[in-house]
Amino acid sequence: MDKNLKYTRNIGIMAHIDAGKTTTTERILFYTGRTHRMGEVHDGNATMDWMVQEQERGITITSAATTTYWKYRDDDYKINIIDTPGHVDFTVEVERSLRILDGAVAVFCAVGGVEPQSETVWRQANKYDVPRIAFINKMDRAGADFFSVVQQIHDKLGANAVPVQIPIGAEEGFNGVIDLVKMNARVYYPDAETVTRFEIEGIPANMKEEAEEWRGKMIEAIAEVDDTLLSRYLEDTESITADEILTALRKATVKGLAVPILCGSAFKNKGVQSLLDSVVAFLPSPVDKGAVKGIDPRNDEELTREPDDEAPLTALAFKIATDPFVGRLCFIRVYSGTLRAGDTVLNTRTQKRERINRLFQMHANKQNPKESISAGDICAGVGFKDIRTGDTLCAINKPILLESMDFPEPVIGVAIEPKTQTDVDKLSLALGKLAEEDPTFQVRTDPDSGQTVIHGMGELHLEILIDRLKREFKVECNQGAPQVAYKEAITSNIEFREVFKKQSGGRGKFADMTVELMPADDGVRGLQFVNEIKGGHIPKEYIPSIEKGFGEAMSNGPLAGFPLESLKVVLKDGSYHPVDSDALSFEIAAKQAFRNNAGKCSPVIMEPIMSTEVITPEEYVGDVIGDFNRRRGRVEGMESKAGARVVKAKVPLAEKFGYVTVLRTLTSGRATSTMEFSHYEKVPAEIANRIVEVTKGKIL
């Protein structure tokens with residue numbers, strides 16, 4: 001098989017929950033000959049949903065990777081596919097997959113259209129400049145409306161939506177598509193073996209005019225990248241060839257200027273082959289994406305690495321998974337160079353060498369051993385001692401650091417304890433492995449009660465993790481009620497001098513500093529440390545210890561012990577003792593300075609606010625809004641959608657526990673809701689007082 005990189009596609013399938021991502025992936029695997037029977041999500045036997053929890057719930061939790069091949073215009077193409085989750089609690093899985101992909105297929109439901117989570121994954125794809133094509137799925141369902149979804153993609157996502165197909169019929173009558181590039185029709189006929197066959201036919205007479213109109217719109221939309229095409233279209237439509245349109249469309253898609261749109265019904269096997277053709281025709285290969293940028297950790301100079309087997313090795317670890325048979329698997333995207341089993345590579349974050357014992361090409365949760373993996377490919381490796389999501393792996397003598405990934409902070413916590421004493425050690429080991437796999441899952445020990453509290457992105461996220469503890473690690477846990485992950489913030493400035501002295505016979509401890517504490521600049525998370533000391537009043541080698549001291553002190557806020565989300569510290573002056581001062585003295589002084597003074601900066605408690613969307617029949621709108629008001633929610637807008645009303649609101653997470661049950665009661669089970677984290681906001685004073693009292697143990 002030709003090793004030419006231009007025949008490789010690294011793609012992800014992304015969408016809102018229940019738009020049909022996994023079913024689409026299953027059909028792709030079937031039609032490319034990767035599987036010989038089609039798995040169904042609702043039967044619990046989909047190849048890519050291999051976790052027991054995924055099969056039981058019919059949702060995707062981890063992103064699964066697989067490699068398959070597709071023939072297009074007499075060439076064989078290799079397609080690495082990652083099926084990502086749609087549920088907002090697993091948003092990190094989507095984020096880290098998009099970071100390493102060259103292109104994506106966004107799946108939309110022809111009835112639901114652009115839903116809240118579709119907007120989230122679209123924003124994530126924008127962040128990493130991932131070119132994408134859209135597949136409007138479920139065209140056979142009642143209420144399917146292709147053109148309405150195209151309009152929503154244009155309006156809500158701000159994308160240049162370019163249909164390259166239009167449907168023949170809809171709902172029950174959906175039986176084919178018109179290809180606007182080749183100007184022919186692909187008509188589906190049910191086959192005896194339920195696999196739908198299709199015939200290429202002429203465009204039905206009653207749709208010729210509509211097809212011409214949409215073809216014109218398609219050429220106009222891609223004229224941005226090819227002016228000559230537009231002038232020729234205006235003069236003489238007939239002379240434009242399908243190849244010219246495909247070339248211009250590919251150019252526009254790779255640059256992110258257009259999103260080609262296809263349609264079909266994956267469940268009914270309609271439209272999957274043309275989707276595969278489009279993946280190859282429009283989405284970029286590693287060569288199209290070009291060199292990857294990074295920095296040289298030795299001198300912070302910018303470096304580029306071409307997608308070439310002969311270049312120095314550059315790779316990114318984008319996911320860690322625990323496999324019961326081979327141990328800890330690390331998913332790796334190789335950007336340049338060749339990775340071989342047995343190689344020793346440098347982890348730029350730890351500055352340590354790592355030996356890769358074995359390499360695998362993945363197919364869901366099965367591994368095919370490989371001797372080497374070339375540039376532009378995705379694989380999994382075994383044998384790492386210390387690796388995290390987002391680490392750069394590179395050639396030992398040619399270090400490079402690729403941009404890491406930012407992960408959202410967890411917003412909800414649950415206290416857990418093992419049911420038996422013998423499980424205590426097993427629990428901490430299991431939690432360690434799960435936290436390694438998932439950067440949005442954090443384990444903390446409550447300093448006052450000694451309880452183990454696990455934090456995640458939502459109730460479902462934590463439920464799945466506790467379920468995995470039971471099944472994979474055989475640890476049974478009791479769990480407390482869910483708690484909100486509050487944070488604290490300071491709202492005013494204070495400047496002060498802090499002196500730390502300790503004499504204990506022999507060498508003492510001494511540190512002296514003048515510091516200003518203030519709220520961090522907009523958009524800054526964590527500690528913003530500014531050193532304004534001139535002329536060596538405090539030696540340079542002690543400055544990092546002061547920064548470390550404030551950084552650690554932030555995990556325990558002045559009001560109720562919640563961590564501070566951000567803080568700005570300006571170090572203005574100070575002095576030291578030539579004998580008694582050391583790094584530890586300054587670290588202790590910094591912690592002491594925070595404890596003594598943060599409480600004077602008008603601290604407030606911040607709570608997570610969730611963006612909520614409820615789709616409800618008209619007659620229940622009043623009840624839904626009334627309920628939001630009772631929950632301290634702010635209704636931000638309403639719109640009509642497919643005979644129902646969509647109510648959008650921002651509601652504090654603390655008021656959302658058990659909301660689904662209440663909503664069912666209010667609307668006789670006819671409304672649905674989705675929520676995702678939006679931002680942190682100040683808690684009203686009377687509620688803040690109560691939170692402080694509860695945390696300090698006055699009310700229990």
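This is a short guided tour of a predicted model, from a buried strand to its cores and then to a four-stranded sheet.

Residues are numbered from 1 along each chain as its sequence is written. Because the model is predicted, local features need pLDDT of at least 70 and side-chain atom pairs count only at pLDDT 80 or more, totals for chains, interfaces and linings use all residues, and side-chain values use heavy atoms, with hydrogens and water left out.

**First stop: strand β5**

Select residues 132-137, which form strand β5. Helices (H or I, at least four residues) and strands (E, at least two) are DSSP runs, numbered from the N terminus. Six of the six residues of β5 are buried, that is, under 20% relative accessible area with a 1.4 Å probe, protein chains only. R132, A134 and I136 lie on one side, and I133, F135 and N137 on the other.

Next, add strand β4 (residues 103-109), which pairs with β5 in the parallel sense over six bridges; two strands count as paired if DSSP finds at least two bridges between them. V107 has F135 as its bridge partner. Show also strand β11 (residues 259-263), parallel to β5 over three bridges, where L262 stands opposite F135. Helix α4 (residues 116-127) joins β4 and β5 in a right-handed β-α-β unit: with the strands pointing away from the viewer, the path from the first strand over the helix to the second runs clockwise.

**Second stop: the nonpolar cores**

A nonpolar core is a set of buried Ala, Val, Leu, Ile, Met, Phe, Trp, Tyr and Cys residues joined through side-chain atoms within 4.5 Å. The largest has 106 residues, and L98, V105, F108 and I136 are among those with the most contacts inside it. Helix α9 (residues 272-282) gives this core its largest share, seven residues. Apart from it lies another core of 33 residues, including F473, M610, L653 and V683.

**Third stop: an open sheet**

Now display the open sheet of four strands in the order β31-β32-β34-β33, with mixed pairing. β31 (494-502) and β33 (526-531) stand at the edges with a single partner strand each, so one side of each has no neighbour in the sheet. Select β32 (residues 509-518) and β34 (residues 566-575) to see antiparallel pairing over seven bridges; V515 stands opposite L571 in β34.

Finally, add helix α14 (residues 583-597), which packs on the sheet and touches β31, β32 and β34; contact means heavy atoms within 4.5 Å. Helix α13 (residues 543-553) lies across β32, β33 and β34.

Methods:
Axes fitted to C-alpha atoms, helices over the stretch in contact; angles between N-to-C directions. Buried < 20%, exposed > 50% of the residue type's maximum accessible area, 1.4 Å probe, protein only.
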